[in-house]
Amino acid sequence: MEIVNRLARISPSATLAAADKAARMAAQGLDVIDLGQGLPDFPTPPQICDAGITAINEGRTRYTPAAGIPELRDAIAARYRALYGVEYERAETIVTCGGKHALYSAFQALVEDGDEVVIPTPYWVSFPEQVRIAGGRPVFVDAREEDAFVVSAQDIDDACTERTKAIILNTPSNPSGAVIPPSVLADIARIAIDRDLVIVFDETYEQFLYDGAVHGSPLGLGPEAKPVTLSIGSCSKTWAMTGWRIGWAIGPRELVSAMARLQSHLTSNPTSISQWAAVEALTGDQTAVSEMLAAFAERREVVLRQLRSMSGVSCGRPMGAFYAFPSVGGILGDSIATSDDLATHLIDTANVVTVPGTAFGRDGFLRISFAVENDRLGEALDRMANSFAALGT
Ligand SMILES: Cc1ncc(COP(=O)(O)O)c(C=O)c1O
């Protein structure tokens with residue numbers, strides 16, 4: 001059977017592949033530790049689950065408007081008004097089946113065949129593939145390790161051409177944990193305004209910040225950034241709701257409404273029950289979020305200490321999200337030449353799953369999730385240290 005070119009070129013998600021691998025190993029009875037996973041190891045807070053259960057019991061189990069229930073869209077608009085002081089109306093919001101779906105629809109709405117989309121590396125795995133599915137061409141810009149993986153506004157500007165349609169920014173970053181300072185976001189917003197481009201601004205990890213890091217937005221520039229900013233958010237990480245599949249986009253009305261038209265033919269709407277749970281997530285008690293953050297902050301220290309004690313490994317401090325992105329260049333050599341080889345070696349010799357940097361457009365690094373319970377995390381890092389030491393580097 002011939003699969004269309006558009007999809008034949010797409011690689012499967014490397015992070016989901018790592019999760020599958022870990023599950024298969026566990027099913028074989030192996031004592032596997034999965035540091036590849038991109039989700040909080042906490043349960044969804046009980047009051048959010050209760051809101052979902054109430055929605056079921058009250059029969060709110062039918063189709064909803066394609067762009068989501070008004071209560072949730074209004075809660076999203078209110079959140080952005082409160083955070084950035086920028087006025088948003090319901091019509092400028094859309095609820096989607098996870099942030100991933102919001103991003104997909106955004107590129108479908110923005111990108112014509114051959115259009116370019118600027119993407120800083122290391123990038124989240126799905127950004128380039130979603131651009132390619134839409135017929136676009138990803139144009140990569142290195143966020144340098146020596147700059148703590150914060151992309152420079154000048155480098156973004158230099159990468160833009162007549163064909164550029166959009167710039168993707170993701171802060172805090174998956175995989176590097178980099179947090180783009182508000183001043184850099186404002187500079188990039190000015191570039192987008194001057195060049196008439198859209199910033200697809202992925203703030204999935206906005207609540208997970210360390211050492212006093214501040215989460216900004218292109219909207220921080222002021223209302224003039226509103227027409228060029230499509231903000232993408234998600235319930236998945238902030239409220240440990242990955243399986244509920246609720247995300248959103250908020251931005252220019254014509255763009256959001258095109259996304260809603262597309263959604264009406266794809267999924268009809270995101271799950272009604274999950275939408276009611278999300279209303280509780282956005283507007284209810286936020287204690288669980290601070291508790292998760294405190295746990296991640298502690299684990300980050302464990303990871304950094306242990307990684308930095310390994311010979312051939314160096315690691316900057318991730319300022320946000322829940323990933324470390326150590327450089328393993330000092331370990332690579334003739335037999336283990338790439339980070340893919342090293343990740344495979346870790347699975348084979350230590351039963352530890354990580355994601356190789358190649359999945360994020362940067363060989364020579366591994367992504368390590370610290371959304372893993374303390375003892376297991378410490379044990380995994382001990383195993384990694386032994387496995388690396390056995391390589392004799
Ligand atoms: C940077 C980034 N954006 C978006 C998503 C999408 O998450 P979801 O579709 O679960 O909302 C993820 C998930 O890993 C992510 O890491």
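## Close-up views

**View A. Asp196 in a loop.** Asp196 is exposed, with a relative accessible area of 69%. Exposed means over 50% relative accessible area, buried means under 20%, and partly exposed lies in between (1.4 Å probe, protein chains only). The loop that holds Asp196 runs between α8 and β6. Helices (H or I, at least four residues) and strands (E, at least two) are DSSP runs, numbered from the N terminus. Phi of Asp196 is near 60°, a positive value in a residue other than glycine.

This is a predicted model, in which local features need pLDDT of at least 70 and side-chain atom pairs count only at pLDDT 80 or more, while totals for chains, interfaces and linings use all residues. Residues are numbered from 1 along each chain as its sequence is written, and side-chain values use heavy atoms, with hydrogens and water left out.

**View B. Ala321, a buried residue with positive phi.** Ala321 has a relative accessible area of 0%. Its place is the loop between α11 and β9. Here, too, a residue other than glycine has a positive phi, near 60°.

**View C. Two cis peptide bonds before proline.** Thr121 and Pro122 are joined by a cis peptide bond, with omega about 0°. Pro122 sits in the loop between β3 and α6 (126-133). Thr171 and Pro172 are also joined by a cis peptide bond, with omega about -15°. Pro172 sits in the loop between β5 and α8 (182-195).

**View D. Domain 1 against domain 2.** The domain assignment gives domain 1 as 5-44 + 287-390, and domain 2 as 46-283. Such bounds come from an automatic or database assignment. The domain centres, taken over C-alpha atoms, are 25 Å apart. Domain 1 brings 38 residues to the contact, and domain 2 brings 38. Contact means heavy atoms within 4.5 Å.

The size of an interface is often given as the accessible area lost when the parts come together. Domain 1 and domain 2 bury about 3100 Å² between them, and 60% of that lies on carbon and sulfur atoms. Thr44, Met319 and Arg362 supply 24% of the area that domain 1 buries against domain 2, more than any other three residues. Buried area is the accessible area (1.4 Å probe) that two parts lose on being put together, summed over both.

**View E. Polar links across the domain interface.** The interface of domain 1 and domain 2 has 3 salt bridges. A salt bridge is a side-chain nitrogen of Lys or Arg within 4 Å of a carboxyl oxygen of Asp or Glu. Asp211 and Arg317 form a salt bridge through their side chains (3.1 Å, N to O). Between the domains, 15 residue pairs are in polar contact, with both residues at pLDDT 80 or more. On the side of domain 1 that touches domain 2, α1 (5-8), α2 (14-27), α11 (287-308) and β9 (323-324) each supply at least two residues. The largest share, 6 residues, comes from α11. By class, this side of domain 1 has 24 nonpolar, 9 polar and 5 charged residues.

Two terms need their rules. A polar contact is a pair of N or O atoms within 3.5 Å; within protein, one must be able to donate a hydrogen and the other to accept it, and residues adjacent in sequence count only if both atoms are side-chain atoms. Ala, Val, Leu, Ile, Met, Phe, Trp, Tyr, Cys and Pro count as nonpolar, Asp, Glu, Lys and Arg as charged, and the others, Gly among them, as polar.

**View F. The salt bridge of Asp41 and Arg299.** By the salt-bridge rule, the count comes to 22. One of them joins the side chains of Asp41 and Arg299 (3.0 Å, N to O). Asp41 lies in the loop between β1 (33-34) and α3 (46-57) and Arg299 in helix α11, so the pair ties together parts 258 residues apart in sequence. Asp41 is partly exposed, at 32% relative accessible area. Arg299 is buried, at 6%.

**View G. The salt bridge of Glu92 and Lys226.** The side chains meet at 3.0 Å, N to O. Glu92 is in the loop between α4 (70-84) and β2 (93-96), and Lys226 in the loop between β6 (198-202) and β7 (229-234), so this pair ties together parts 134 residues apart in sequence. Both Glu92 and Lys226 are buried.

**View H. The salt bridge of Asp115 and Lys165.** The N to O distance is 2.8 Å. Asp115, in the loop between α5 (99-110) and β3 (116-121), is 50 residues from Lys165 in strand β5 (residues 164-170). Asp115 is buried, at 5% relative accessibility. Lys165 is partly exposed, at 29%.

**View I. A salt-bridge network.** Asp31, Arg376, Glu379 and Arg383 are joined into one network by salt bridges that share partners.
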